[in-house]
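Work through these exercises with the sequence and the model side by side. Each task is followed by a stepwise solution.

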Amino acid sequence: MKCPFCHHEDTQVIDTRVSEEGDTIRRRRRCAHCDKRFTTYERIELLMPVIVKKNGSRTDFDAAKLRASLMLALRKRPVSAEAVDAAIHRIEEKLLSSGVREVLSGHIGELVMRELKRLDKIAYIRFASVYKSFEDVAEFQDAIAEVGRERKTPSK
(Lines give C-alpha, C1' and ligand atoms only; values in the text may rest on other atoms or scores of the structure.)
Protein backbone atom coordinates (compact mmCIF):
# COMPACT_ATOMS: atom_id res chain seq x y z
CA MET A 1 0.00 0.00 0.00
CA LYS A 2 1.43 3.37 -1.01
CA CYS A 3 1.76 6.09 1.60
CA PRO A 4 -0.69 8.92 0.78
CA PHE A 5 1.81 11.48 2.10
CA CYS A 6 5.18 10.60 0.52
CA HIS A 7 4.00 7.89 -1.94
CA HIS A 8 6.57 5.44 -0.63
CA GLU A 9 5.63 1.79 -1.25
CA ASP A 10 6.75 0.38 2.11
CA THR A 11 3.98 0.63 4.72
CA GLN A 12 3.31 -1.55 7.74
CA VAL A 13 0.00 -2.63 9.24
CA ILE A 14 -0.04 -1.58 12.89
CA ASP A 15 -3.59 -2.55 13.85
CA THR A 16 -6.45 -4.46 12.18
CA ARG A 17 -10.07 -4.36 13.29
CA VAL A 18 -13.25 -5.83 11.87
CA SER A 19 -16.33 -3.56 11.91
CA GLU A 20 -19.28 -4.41 14.13
CA GLU A 21 -21.28 -5.52 11.08
CA GLY A 22 -18.41 -7.73 9.98
CA ASP A 23 -18.40 -6.36 6.43
CA THR A 24 -15.43 -3.99 6.67
CA ILE A 25 -11.84 -4.32 7.87
CA ARG A 26 -10.09 -1.21 9.18
CA ARG A 27 -6.31 -1.16 9.09
CA ARG A 28 -4.02 1.41 10.72
CA ARG A 29 -0.80 1.70 8.75
CA ARG A 30 2.54 3.40 9.22
CA CYS A 31 4.85 4.52 6.46
CA ALA A 32 8.41 3.19 6.93
CA HIS A 33 9.82 6.18 5.06
CA CYS A 34 8.07 9.30 6.52
CA ASP A 35 6.70 7.62 9.69
CA LYS A 36 3.19 9.08 9.16
CA ARG A 37 0.12 7.02 9.96
CA PHE A 38 -3.05 6.53 7.95
CA THR A 39 -6.12 4.31 7.87
CA THR A 40 -7.34 2.05 5.07
CA TYR A 41 -10.61 0.13 4.76
CA GLU A 42 -11.36 -3.12 2.99
CA ARG A 43 -14.90 -3.78 1.80
CA ILE A 44 -16.40 -6.47 -0.34
CA GLU A 45 -17.41 -5.14 -3.73
CA LEU A 46 -20.36 -7.04 -5.11
CA LEU A 47 -21.59 -6.00 -8.51
CA MET A 48 -25.01 -7.07 -9.58
CA PRO A 49 -25.28 -7.94 -13.25
CA VAL A 50 -26.65 -5.38 -15.70
CA ILE A 51 -30.20 -6.12 -16.83
CA VAL A 52 -30.74 -6.51 -20.59
CA LYS A 53 -34.32 -5.62 -21.44
CA LYS A 54 -36.38 -7.12 -24.28
CA ASN A 55 -35.67 -4.10 -26.49
CA GLY A 56 -31.90 -4.54 -26.00
CA SER A 57 -31.41 -1.57 -23.68
CA ARG A 58 -29.41 -2.08 -20.52
CA THR A 59 -30.14 -0.86 -17.01
CA ASP A 60 -28.68 -1.34 -13.55
CA PHE A 61 -30.24 -3.92 -11.25
CA ASP A 62 -32.68 -2.20 -8.90
CA ALA A 63 -33.78 -4.10 -5.80
CA ALA A 64 -36.54 -1.53 -5.23
CA LYS A 65 -38.11 -2.45 -8.59
CA LEU A 66 -37.87 -6.12 -7.70
CA ARG A 67 -39.58 -5.47 -4.35
CA ALA A 68 -42.28 -3.37 -6.03
CA SER A 69 -43.07 -6.19 -8.48
CA LEU A 70 -43.30 -8.74 -5.72
CA MET A 71 -45.41 -6.47 -3.53
CA LEU A 72 -47.82 -5.74 -6.39
CA ALA A 73 -48.37 -9.45 -6.97
CA LEU A 74 -48.66 -10.06 -3.22
CA ARG A 75 -51.06 -7.17 -2.59
CA LYS A 76 -53.64 -8.14 0.05
CA ARG A 77 -52.13 -11.62 0.38
CA PRO A 78 -51.10 -13.14 3.74
CA VAL A 79 -47.32 -13.10 3.18
CA SER A 80 -44.99 -11.60 5.78
CA ALA A 81 -42.43 -8.90 5.04
CA GLU A 82 -39.73 -11.31 6.21
CA ALA A 83 -40.79 -13.86 3.59
CA VAL A 84 -40.64 -11.19 0.87
CA ASP A 85 -37.19 -10.07 2.09
CA ALA A 86 -35.98 -13.68 2.01
CA ALA A 87 -37.30 -14.13 -1.55
CA ILE A 88 -35.52 -10.96 -2.70
CA HIS A 89 -32.34 -12.14 -1.00
CA ARG A 90 -32.54 -15.54 -2.78
CA ILE A 91 -33.00 -13.84 -6.15
CA GLU A 92 -30.07 -11.49 -5.53
CA GLU A 93 -27.87 -14.39 -4.41
CA LYS A 94 -28.72 -16.38 -7.56
CA LEU A 95 -27.79 -13.38 -9.70
CA LEU A 96 -24.55 -12.76 -7.82
CA SER A 97 -23.51 -16.41 -7.74
CA SER A 98 -24.14 -16.80 -11.47
CA GLY A 99 -21.04 -14.69 -12.07
CA VAL A 100 -22.47 -13.19 -15.26
CA ARG A 101 -22.09 -9.50 -16.01
CA GLU A 102 -25.37 -9.22 -17.88
CA VAL A 103 -28.66 -11.04 -17.42
CA LEU A 104 -31.81 -11.00 -19.52
CA SER A 105 -34.84 -9.41 -17.88
CA GLY A 106 -36.75 -12.59 -18.75
CA HIS A 107 -34.44 -14.59 -16.49
CA ILE A 108 -35.26 -12.30 -13.59
CA GLY A 109 -38.95 -12.72 -14.37
CA GLU A 110 -38.51 -16.50 -14.16
CA LEU A 111 -36.73 -16.16 -10.80
CA VAL A 112 -39.56 -13.96 -9.51
CA MET A 113 -42.17 -16.48 -10.69
CA ARG A 114 -40.31 -19.31 -8.94
CA GLU A 115 -40.23 -17.35 -5.67
CA LEU A 116 -43.88 -16.33 -5.94
CA LYS A 117 -44.87 -19.93 -6.54
CA ARG A 118 -43.18 -20.79 -3.23
CA LEU A 119 -44.71 -17.84 -1.36
CA ASP A 120 -48.29 -17.66 -2.59
CA LYS A 121 -50.05 -19.42 -5.48
CA ILE A 122 -52.52 -16.56 -6.06
CA ALA A 123 -49.69 -14.03 -6.30
CA TYR A 124 -47.93 -16.40 -8.70
CA ILE A 125 -51.00 -16.49 -10.98
CA ARG A 126 -51.31 -12.68 -10.81
CA PHE A 127 -47.68 -12.17 -11.78
CA ALA A 128 -47.73 -14.90 -14.44
CA SER A 129 -50.82 -13.38 -16.07
CA VAL A 130 -48.95 -10.13 -16.68
CA TYR A 131 -45.48 -11.59 -17.24
CA LYS A 132 -46.64 -14.19 -19.74
CA SER A 133 -49.23 -11.81 -21.25
CA PHE A 134 -52.22 -14.11 -20.91
CA GLU A 135 -54.59 -13.45 -23.81
CA ASP A 136 -57.59 -15.55 -22.84
CA VAL A 137 -59.22 -17.55 -20.05
CA ALA A 138 -57.68 -20.81 -21.26
CA GLU A 139 -54.21 -19.55 -20.36
CA PHE A 140 -55.43 -18.72 -16.85
CA GLN A 141 -56.94 -22.18 -16.58
CA ASP A 142 -53.67 -23.80 -17.69
CA ALA A 143 -51.68 -21.84 -15.09
CA ILE A 144 -54.17 -22.69 -12.34
CA ALA A 145 -54.13 -26.36 -13.35
CA GLU A 146 -50.32 -26.35 -13.25
CA VAL A 147 -50.32 -24.93 -9.71
CA GLY A 148 -53.03 -27.42 -8.72
CA ARG A 149 -51.01 -30.38 -10.04
CA GLU A 150 -47.95 -29.31 -8.06
CA ARG A 151 -50.03 -29.02 -4.91
CA LYS A 152 -51.38 -32.56 -5.24
CA THR A 153 -47.97 -34.09 -5.95
CA PRO A 154 -46.43 -35.31 -2.65
CA SER A 155 -43.13 -33.60 -1.92
CA LYS A 156 -40.06 -35.68 -1.26
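Buried means under 20% relative accessible area, exposed means over 50%, and partly exposed lies in between (1.4 Å probe, protein chains only). This is a predicted model: local features need pLDDT of at least 70, side-chain atom pairs count only at pLDDT 80 or more, and totals for chains, interfaces and linings use all residues. Residues are numbered from 1 along each chain as its sequence is written, and side-chain values use heavy atoms, with hydrogens and water left out.

**Exercise 1. Cysteines**

Find how many disulfides the whole structure holds. Then check C3 and C6.

Step 1. Set the criterion: a disulfide is a pair of cysteine sulfur atoms within 2.5 Å.

Step 2. Search the whole structure: the result is zero disulfides.

Step 3. Take C3. Its nearest cysteine sulfur belongs to C34, 3.7 Å away, and C3 is in no disulfide.

Step 4. Take C6. The nearest cysteine sulfur is that of C31, at 3.5 Å, and C6 is in no disulfide.

Step 5. Classify both. C3 has 1% relative accessibility, so it is buried. C6 has a relative accessible area of 27%, so it is partly exposed.

**Exercise 2. Domains**

State which domains are assigned to the protein chain, and how far apart their centres lie.

Step 1. Read the bounds, which come from an automatic or database domain assignment. Domain 1 covers 11-43 and domain 2 covers 50-149.

Step 2. Take the C-alpha centres of domain 1 and domain 2: they lie 42 Å apart.

**Exercise 3. A helix pair**

Describe how α1 and α2 pack.

Step 1. Locate the elements. Helices (H or I, at least four residues) and strands (E, at least two) are DSSP runs, numbered from the N terminus. Helix α1 spans residues 63-73 and helix α2 spans residues 81-98.

Step 2. Fit lines to C-alpha atoms over the stretch in contact; angles run from 0 to 180 degrees between N-to-C directions. The angle is about 130°, and the axes are 11 Å apart.

Step 3. Name the orientation. Angles under 35 degrees count as roughly parallel, over 145 as roughly antiparallel, 65 to 115 as roughly perpendicular and the rest as oblique. Therefore α1 is oblique to α2.

Step 4. List the contacts (heavy atoms within 4.5 Å). A63, L66, R67, L70 and M71 of α1 meet V84, D85, I88, I91 and E92 of α2.

**Exercise 4. Positive phi**

Where does K76 lie, and is K76 buried or exposed?

Step 1. K76 is not a glycine, yet its phi is positive, about 60°.

Step 2. K76 sits in the loop between α1 and α2.

Step 3. Its relative accessibility is 72%, so K76 is exposed.
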